[in-house]
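This briefing covers a pair of packed helices and one loop residue. The topics are taken in turn below.

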Amino acid sequence: MTKQEIYQVLEAKKIILKNLSWIKLDKFTKKKTLAALMGVDMKGFYTLLFFRSAKARFLSKEFEAIDEIAGKIAEQTGVNFKKKAIFYSSDICSKTANLMKENGYKHDFM
């Protein structure tokens with residue numbers, strides 16, 4: 001997924017972040033279908049966004065891996081993320097959607 005496509009998703013979802021920065025995920029995962037951004041929203045909350053562009057169904061196993069990566073990012077940057085979201089481009093398992101809600105993630109199709 002290109003930066004331009006991600007910016008279009010942010011614009012379409014009306015997400016405005018200050019101090020927007022890309023997170024290099026090579027340290028955490030080998031997946032090329034995952035991208036991550038962090039920034040501060042208009043209310044001053046640190047926000048972590050994941051973009052998943054895989055064609056395969058989004059399963060809970062993969063969400064757990066993403067949640068683990070989020071923990072490592074928080075640890076590495078020293079930031080406590082108040083808001084976390086995942087945008088995906090494939091079907092999602094209902095169990096995964098429920099797991100995201102339980103863990104405080106917002107999620108949306110892109």
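Helix 2 and helix 3 run roughly parallel to each other, because their angle of about 25° falls under the 35 degrees that sets the limit for that class. The model is a predicted one. The points below describe how the two helices pack, then each helix, then S90 in the loop that leads into helix 3.

**Packing of the two helices**
- The axes of helix 2 and helix 3 lie 8 Å apart.
- Helix 2 contributes S60, F63 and E64 to the contact.
- From helix 3, the contact is made by K95, T96, L99 and M100.

**Helix 2**
- Helix 2 covers residues 60-77, which is 18 residues.
- From its first C-alpha to its last, helix 2 reaches 25 Å, close to the 26 Å expected at 1.5 Å a residue.
- The buried residues of helix 2 are S60, E62, F63, I66, I69, A70 and I73.
- Seen down the axis of helix 2, these buried residues lie within an arc of 165°, so they line one face of the helix.
- K61 and E75, on the other side of helix 2, are exposed.
- The cover over the buried residues of helix 2 includes strand 1 (18-23), strand 2 (34-40), strand 3 (46-52), strand 4, helix 3 and strand 5 (105-109).
- G78 follows helix 2 and has a positive phi, near 75°.

**Helix 3**
- In helix 3 (94-102), the residues T96, A97, L99 and M100 are buried.
- These buried residues fall within an arc of 160° when seen down the axis of helix 3, so they line one face of the helix.
- On the other side of helix 3, the exposed residues are S94, K95, K101 and E102.
- Helix 2, strand 4 and strand 5 are included in what covers the buried residues of helix 3.
- After helix 3 comes G104, with a positive phi near 80°.

**S90 in the loop before helix 3**
- S90 sits in the loop that links strand 4 (83-88) to helix 3.
- S90 counts as buried because its relative accessibility is 5%, and the cut-off for buried is under 20%.
- The side chains of S90 and R52 are joined by a polar contact of 2.8 Å.
- The S90 side chain also reaches the backbone oxygen of A56, at 2.8 Å.
- Leaving aside residues up to four places away in sequence, S90 touches R52, A54, K55, A56, R57, F58 and F109.

Conventions: Residues are numbered from 1 along each chain as its sequence is written. This is a predicted model: local features need pLDDT of at least 70, side-chain atom pairs count only at pLDDT 80 or more; totals for chains, interfaces and linings use all residues. Side-chain values use heavy atoms; hydrogens and water are left out. Helices (H or I, at least four residues) and strands (E, at least two) are DSSP runs, numbered from the N terminus. Buried means under 20% relative accessible area, exposed over 50%, partly exposed in between (1.4 Å probe, protein chains only). A polar contact is a pair of N or O atoms within 3.5 Å; within protein, one must be able to donate a hydrogen and the other to accept it, and residues adjacent in sequence count only if both atoms are side-chain atoms. Contact means heavy atoms within 4.5 Å. The expected span of a helix is 1.5 Å times one less than its number of residues. The arc is that of the directions from the helix axis to the C-beta atoms. Axes are lines fitted to C-alpha atoms, for helices over the stretch in contact, and angles run from 0 to 180 degrees between N-to-C directions. Angles under 35 degrees count as roughly parallel, over 145 as roughly antiparallel, 65 to 115 as roughly perpendicular and the rest as oblique.
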